[in-house]
Amino acid sequence: MSKQTAAGGPAADPSRCPPVTEQRMPAEAAAALAPAFKALGDPVRLQLLSMIASAPGGEICVCDLTPAFDLTGPTISHHLRTLREAGLVDAERRGTWVYYRARPVLLRRLAALLAVPTAPAGDDPARPGPRAECR
């Protein structure tokens with residue numbers, strides 16, 4: 001017999017969660033995805049993920065990440081470890097250096113979970129259209 005949520009639906013599968021605007025998220029799914037959101041709750045980690053995910057070729061060396069911040073190497077390593085443990089990035093050691101790549105499957109899950117139906121631009125001045133810039 002399969003697990004059922006309190007609402008009577010199928011067991012929580014964080015990879016198949018509908019957007020939070022459509023229905024309540026099951027506790028199991030929330031617990032599975034919360035570490036990723038917690039990891040992204042730090043501005044340095046959010047910037048690191050952005051640098052990793054947008055790197056040409058899909059990966060970047062730690063030697064290119066560290067100089068972008070006024071932080072020590074061990075502090076950057078701590079933030080990168082947190083991103084790895086949350087499942088947001090993968091790392092591969094090549095000689096002395098470690099190269100990082102984003103894990104697109106989890107990023108897509110998080111994005112889909114936060115998807116909000118878009119109204120035509122101008123319908124709601126409090127909600128920018130789909131091309132709103134990140135500031």
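**Note on the predicted model: core contacts, salt bridges and cavity**

1. I60 counts as buried, with a relative accessibility of 13%. The cut-off for that class is under 20% relative accessible area. The coordinates discussed here belong to a predicted model, and the remarks below should be read with that in mind. I60 has its place in strand β1, a strand that covers residues 60-61.

2. Which residues does I60 touch, once those up to four places away in sequence are set aside? The list consists of M51, I52, A55, L65, V98, Y99 and Y100. Of these partners, M51 and I52 fall within helix α2, which spans 43-53. A further relation concerns R101: its C-alpha atom is 6.8 Å from that of I60, although 41 residues separate the two in sequence.

3. The general layout may be stated next. The protein contains five helices and three strands. From the start of the sequence to its end, these elements follow the order α-α-β-α-α-β-β-α. Of the 135 residues, 27% are buried. Among contacts in the protein with a separation of 6 or more, 51% are accounted for by residues 24 or more positions apart. The accessible surface amounts to about 9200 Å², and carbon and sulfur atoms hold 55% of that surface.

4. Six salt bridges are present in the structure. One of them pairs E59 with R94, with 2.8 Å between the closest N and O atoms. What does this pair tie together? E59 is in the loop between α2 and β1, while R94 belongs to strand β2 (residues 89-94), so the bridge links parts of the protein that are 35 residues apart in sequence. E59 is partly exposed, at 25% relative accessibility, and R94 is likewise partly exposed, with a relative accessible area of 33%.

5. Two further bridges involve E92. The side chain of E92 meets that of R94 at an N to O distance of 3.4 Å. The side chain of E92 also meets that of R101, here at 3.6 Å from N to O. E92 counts as partly exposed, its relative accessibility being 34%; R101 is partly exposed too, with a relative accessible area of 26%. Through shared partners, the salt bridges join E59, E92, R94 and R101 into one network. R101, a member of this network, is also the residue whose C-alpha atom was placed 6.8 Å from that of I60 in point 2.

6. A91 is another residue of strand β2. Is A91 buried, partly exposed or exposed? At 34% relative accessibility, A91 is classed as partly exposed. Apart from neighbours within four places in sequence, A91 is in contact with R84, V98, Y99 and Y100. V98, Y99 and Y100 appear in the contact list of I60 as well. The C-alpha atom of A91 lies 9.4 Å from that of C61, and 30 residues along the chain separate the pair.

7. The cysteines deserve a separate remark. The count of disulfides is zero; the criterion requires a pair of cysteine sulfur atoms within 2.5 Å. C61 and C63 differ in accessibility class: C61 is buried, with a relative accessible area of 2%, whereas C63 is partly exposed, at 29% relative accessibility.

8. How many cavities of 30 Å³ or more does a search of the whole structure find? The search returns one. The largest cavity encloses about 40 Å³ of space. Its lining consists of C17, P18, P19, V20, Q23, R24, M25, P26 and L113. C17, a cysteine, is thus among the residues lining the cavity. L113 lies in helix α5, which runs over residues 104-113, and also belongs to the cavity lining.

9. V105 is placed in that helix, α5. V105 is partly exposed, with a relative accessible area of 46%; the partly exposed class lies between 20% and 50%. The C-alpha atoms of V105 and L88 are 8.9 Å apart in space, and the two residues are 17 apart in sequence.

10. In summary, two points merit attention when the predicted model is inspected. The first is buried I60, together with its contacts, V98, Y99 and Y100 among them. The second is the salt-bridge network of E59, E92, R94 and R101.

Definitions and conventions
Residues numbered from 1 in each chain as written. Predicted model: local features only at pLDDT ≥ 70, side-chain atom pairs only at ≥ 80, totals over all residues. Heavy atoms only, no water. Salt bridge = Lys/Arg side-chain N within 4 Å of Asp/Glu carboxyl O. Helix = DSSP H or I, 4+ residues; strand = E, 2+ residues; numbered from the N terminus. Buried < 20%, exposed > 50% of the residue type's maximum accessible area, 1.4 Å probe, protein only. Contact = heavy atoms within 4.5 Å. Areas by Shrake-Rupley, 256 points an atom, 1.4 Å probe, with all protein chains shown as cover. 1 Å grid on protein atoms, 1.4 Å probe; cavity = no way out; pocket = protein on both sides within 12 Å on 5 of 7 lines; lining within 4 Å. Points joined across faces, edges and corners; volume = space filled by probe spheres on them.
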